[in-house]
Amino acid sequence: GALLVNERIDREELCGALSPCSLSFEIVVENPLELYSGTVEIQDINDNDPAFPSSQARLEISESVAAGARFPLESAQDPDVGINSLQTYQLSANPNFALDVQTRVDGSKYAELVLEKELDREEQRELNLVLTALDGGSPPRSAHVQIHIDVVDANDNAPVFNQSTYKASVRENTPSGTLVARISAYDLDDGPNGDIVYSFSSHTPAKVRELFALDSATGELRVKGQLDYEETKLYEIYLQAKDKGAVPGVAHCKVLVEVVDVNDNAPEVTVTSVYSPVPEDAAPGTVVALLSVTDLDSHDNGLVNYVNDNAPKSSQDSYDVYVLENNMPGIPILNVSATDPDLGRNAHLSYTLLQGDPTFGHLFSINRENGTLYLLTSLDHEDQMEFSMMVQVQDSGFPPLATNVSVSVFVTDLNDNAPTVLYPQPNTTATYTDVVAPGTPAGHLVTKVVAVDADAGYNAWISYTLLQATDPSLFSVGLHNGEIFTARQLREDDAPQHTLVILLKDHGEPVLSTSATVSISVAEMVKEVLTDLTDVAPANDPRRHVTFYLILAVILVSAAFFITMLSVGIFKCYKWRQSRELYNSSRSTTYRTPGPFHHIDAVRGGFTPPSFYHQVYLTTDSRQSDLLCKKPFTSSPLGSRQGTIRNGEPGLYHQIVGTASRLPTPAE
């Protein structure tokens, strides 16, 4: 059982900067069968000298730099670890500078020059210093670098970072070119002395420069190489901002980049077979093999779990459920069934109703254990005809697996709504009267009953029948459209007012119905219709007094006009008689020169219809008068019309004016 070294061991080659450096192995022991794990730790010895990147370093420092200014120096690298790694720096004696040794987060050391006494270019143009790096070995190993400092005149304003430390985090699988951080500095100088160039500080490790890139103009720090959380979890990056003056001003900052672990390493299963072949009489429980699982990721990404690899499966992806409206609340309407081929907790299923619509929680509920879907309230087809929801079936594994099943609930219609009459409007004080003229032939469309039914399909089909009428033989109703036609030609002896009661029925089960009342007036003119409407106006109509006074005013004005016209007619007749007497007295005259025309207007009197107006023109020397006979003038039932007829005979002029709404009948 002795463990021997098979070849020379180099800790720096095996582990690099990782500490402690260890090698793991496993040993299988039989009889009894056991598995042991072992670890060999490789200890470091001080076999490497510290080393600087270059043998010389050159600095340019303005004489205007104040005491206390710090200047980072290139760091030495020592591949050894622990006490054998780089421990400190030493600076040669000088009157101006001191050395400040700092420690990074990972424990490595770096040095900065600290200006204790301001420089004077007129006294000393340059300085030469020696920086020594020492490790902690016994005896210690060392390395040296020559530092040459040029004291020059530079601008008096150095760049200034808006913060001394920047923090950022980036995932280890972040692709190249991804922005990590953006540093920013400002310089109060103008021109080239104020232009800033960003760069890595001199003591930034080469490994960092391989993984990150810095834009010298914008200060954007981006990923350049492939980051690995398992190799390095935190990067401490030192950057500087330098202006473009003759003696550039420099500012320094630090960027801490945290690498975030991603699950980029699959678990590794190691199977060690220790009992093969297996005898056919092996007892139950006999160990056949040992398995070990490892994952290089960290935290939750490195946790390994067994078994739950099957999601629940439903017997169908979607369900369509049909429910009659006006249902009883609390009834089950569906059972969602699903199975899971896993075992134990991984096969235990729970059912959840996903709340896509917040109102569904008041309408539906599902049993978490068996998947039964319940309807909690009564549904109305006229309110909403369809509901769509999602049921989630989830097992109890870790992590749990789930399957979604869509459920559509359709509300079927019942005949629970009677037809509703839209025209004529029911339950109103206004009276709707349709008009038909006397003598209207059969088949004339008088009006139409308009109705709707809130139900759907066959339950919403409406039929119209004439239930009651003043004269059942006069009007008919369309069975399916509610149109009211004249069944025969209207006669003079038909009643002037007709009331029809129309029965409206749907085709549901049971049949629901309603009725509509239609009033129809038989009238030849609009005036008669308006009179009829006035007669049937409700007693409480506030406009009935206005109508009465308007009719009374028309009657009084007509009577006054008639009396005036009668007086004028009598006066004209009197004048005419005087002219006849004058004519008879002048018959004995041998000759009389004709004088100017005199006219006598015969205006309508009590014997003349109000539609006529005529003028008779006579001469004083005429032996007889020519009177043009009156001719009837065709009237317009609603308006007034004026016509003019001129006689062909000289000296005669005849004019007829129609002013009434209609002409009197022969009987009148």
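This short presentation describes how selected strands pair in the structure shown above. Please bear in mind that the model is a predicted one.

Let me begin with strand 9, which covers residues 142–152. Strand 9 pairs with strand 3, residues 56–62, in the parallel sense, and seven bridges connect the two. One residue pair illustrates this contact: Ala57 has Ile147 in strand 9 as its bridge partner.

Strand 9 also pairs with strand 8, residues 126–135; here the strands run antiparallel and are joined by nine bridges. Within this pairing, His148 of strand 9 is the residue opposite Asn128. How many residues lie between strand 8 and strand 9 in the hairpin that they form? There are six.

As general background, the strands of a sheet pair through backbone hydrogen bonds, in either the parallel or the antiparallel sense.

I turn now to a separate topic, an open sheet of three strands. Its order is 12-16-15, and the pairing is antiparallel. Which strands stand at the edges? They are strand 12, residues 179–182, and strand 15, residues 212–214. Each has a single partner strand, and therefore one side of each has no neighbour in the sheet. On average, and with direction ignored, neighbouring strands of this sheet are turned by 20° against each other.

Finally, I consider one pairing in this sheet in detail. Strand 16, residues 220–223, and strand 12 are linked by three bridges in the antiparallel sense. In this pairing, Leu221 of strand 16 stands opposite Ala181.

How values were computed. Residues numbered from 1 in each chain as written. Predicted model: local features only at pLDDT ≥ 70, side-chain atom pairs only at ≥ 80, totals over all residues. Heavy atoms only, no water. Pairing = 2+ DSSP bridges. Helix = DSSP H or I, 4+ residues; strand = E, 2+ residues; numbered from the N terminus. Axes fitted to C-alpha atoms, helices over the stretch in contact; angles between N-to-C directions.
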